[in-house]
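Please open the model in your viewer and keep the sequence panel beside it, since each stop below begins with a selection. The tour moves from a pair of helices to an annotated span and ends at a single side chain.

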Amino acid sequence: MNRIYDSVEPRVMDDDILKLAVGEQGPQEEAGQLAKQEDILFKDVLSLQLDFQNILRIDNLWQFENLQKLQLDNNIIERIEGLENLTQLVWLDLSFNNIKVIEGLDTLVNLEDLSLFNNRISKIDSLDALVKLQVLSLGNNQIDNMLNIIYLRQFKCLRTLSLSGNPITQTEAYKMFIYAHLPDLVYLDFRRIDDHMKELAEMKYQYSIDELKHQEHLRQAQLEEEQAWRVKLEEYKMAFVEHLNGSFLFDSMYAEDVEGSKLSCLPIVSKLLEVYKDKFVIICLNIFDYGLKQQEKRKLELNTFNECVQEAIQENQEQGKLRIARFEEMHLLNLSAIREESELLIIEKKIVECSEDISALFNVLMTLEMQLVEQLEEAINMFERNITDMVDMFIENVQSLMAQCRDLENHHHEKLLEISISTLEKIIKGELDEELPDDVRALFADKDTIVNAVGASHDIHLLKIDNREDELVTRINSWCTHLVDKIHKDEVMRNRKRVKEISQYIDHMQSELDNLECGDMD
């Protein structure tokens with residue numbers, strides 16, 4: 001029985017409702033009272049109970065970013081929404097509402113227990129993101145198709161399922177079908193599944209299960225293949241040569257070239273186009289292979305630079321630690337001597353000496369840091385020159401290869417124009433043997449029309465080549481600029497952090513000495 005609108009006004013979740021709920025469910029002792037007086041930090045709330053509130057719409061939960069348990073049962077909610085930020089949610093109860101469609105759960109990747117009992121749901125879907133789902137309660141809904149069970153096979157952690165009260169349960173083979181198709185399930189409709197019944201079910205549906213497993217294996221293999229392709233594509237993008245390991249660029253030239261596509265049906269042109277494509281693709285493959293090799297060289301250059309930087313920093317830090325260790329050893333002895341000394345003048349003299357030692361340590365540490373700054377600046381400048389030279393050389397060679405693509409296009413254009421004009425002359429003289437489609441023959445109305453058509457085709461091709469070249473050059477230049485800028489900024493931040501560390505340490509040492517001095521003077 002679904003909840004219906006009663007005499008109470010339907011409510012939308014607002015800050016007042018949420019604050020009241022958090023306050024009532026929080027600690028009731030003195031600390032709890034103080035919390036009520038102050039601003040409630042919703043981000044610290046782990047559990048929230050909002051049942052029997054006559055809530056119509058889920059809203060304003062974005063601040064509960066660490067919420068793990070949410071109880072929204074016995075309301076009049078019609079849609080699952082407003083849960084996007086609850087990525088830490090483990091337990092969700094939406095039972096006894098008016099929900100018709102499962103939706104809005106795509107970000108709840110940590111959800112383990114989901115209750116949608118007593119709603120109006122007719123199809124089990126849109127749960128794909130819930131990879132940790134262990135308990136699913138869908139009793140008292142309107143599910144009537146056994147294919148919904150097949151959908152649940154993907155949830156490898158699912159151990160408890162409730163479907164009682166759905167039309168599907170009236171099917172004669174309901175339980176046996178579930179036992180066979182969800183072999184990892186432990187509880188169905190609040191009862192533990194008998195192992196013997198599970199074996200019988202598997203035997204009964206063995207053929208269909210085997211076929212299902214085969215299809216699932218094929219889908220999994222396809223998914224893995226697509227994932228591997230995506231990984232490769234990202235690798236190619238990092239090298240700035242994605243989609244150049246084949247005919248993609250050439251095909252894209254003709255994708256929007258209506259006139260060129262029409263002219264390609266001419267017998268002589270089709271052969272010419274085949275040769276053109278083969279040569280064009282070879283150049284693209286050369287760019288692709290060259291791009292991958294250059295990417296490896298850039299990676300090696302960057303890795304070598306990072307290793308050199310880390311070695312320099314580590315060596316410098318070791319020197320600093322050694323100087324500090326020597327200082328602290330002597331400093332402790334000097335402080336002990338001051339505490340044991342009774343003569344005021346000697347105490348004052350030793351304190352001045354200790355202060356001078358602290359200043360000397362500061363100078364030593366700052367000198368070490370300045371030496372490191374100079375060393376790293378030199379390394380950064382050298383890396384910047386090297387990586388810039390590599391990028392410039394890469395761009396120059398790619399542009400040279402792209403120029404070869406343009407040369408091929410220009411040559412093809414000249415040949416196509418010759419063939420088109422020759423074909424026009426044959427048509428005028430009535431000497432053309434081949435039959436041309438009407439849309440192609442329309443291009444040969446006169447010389448201007450065919451010249452314009454061939455020229456338009458040529459312009460589209462050159463634009464595609466130019467755009468791909470410009471994109472590659474722009475992206476790699478941008479990558480180089482951002483990389484160098486980041487390296488410079490990281491070094492500035494490292495230097496500031498180190499200077500601050502040194503200053504804080506020296507201030508601590510001096511403060512300790514000052515306190516000792518005050519104590520002795522007293």
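**A pair of helices**

In this predicted model, begin by selecting H7 and H9, which are oblique to each other because their axes cross at roughly 135°, a value that falls outside the range over 145 that counts as roughly antiparallel. H7 covers residues 248-255 and H9 covers residues 267-340, and the two axes come within 8 Å. To see the contact itself, display Leu249, Phe250, Asp251, Met253 and Tyr254 on the H7 side, together with Leu273, Tyr276, Lys277, Phe280 and Cys284 on the H9 side. Sorted by class, this contact between H7 and H9 has eight nonpolar and two charged residues, with no polar ones.

**An annotated span**

Next, select residues 366-393, where the unreviewed UniProt entry places the feature "coiled-coil region". In the model the span is 100% helix and 0% strand, and a distance drawn between its end C-alpha atoms comes to 40 Å.

**A side chain in H12**

Finally, select helix H12, residues 447-521, and centre the view on Ser457, which is found in that helix. Is Ser457 buried or exposed? Its relative accessibility is 2%, and Ser457 therefore counts as buried, the cut-off being under 20%. Now add Asp257 and Gly260 to the display, since, leaving aside neighbours within four places in sequence, Ser457 is in contact with these two residues. Between the side chains of Ser457 and Asp257 there is a polar contact of 2.5 Å.

Conventions. Residues numbered from 1 in each chain as written. Predicted model: local features only at pLDDT ≥ 70, side-chain atom pairs only at ≥ 80, totals over all residues. Heavy atoms only, no water. Axes fitted to C-alpha atoms, helices over the stretch in contact; angles between N-to-C directions. Helix = DSSP H or I, 4+ residues; strand = E, 2+ residues; numbered from the N terminus. Parallel < 35°, antiparallel > 145°, perpendicular 65-115°, else oblique. Contact = heavy atoms within 4.5 Å. Nonpolar A, V, L, I, M, F, W, Y, C, P; charged D, E, K, R; others polar. UniProt positions renumbered as here; feature names shortened; annotations may be inferred. Buried < 20%, exposed > 50% of the residue type's maximum accessible area, 1.4 Å probe, protein only. Polar contact = N/O pair within 3.5 Å; in protein donor to acceptor, adjacent residues only side chain to side chain.
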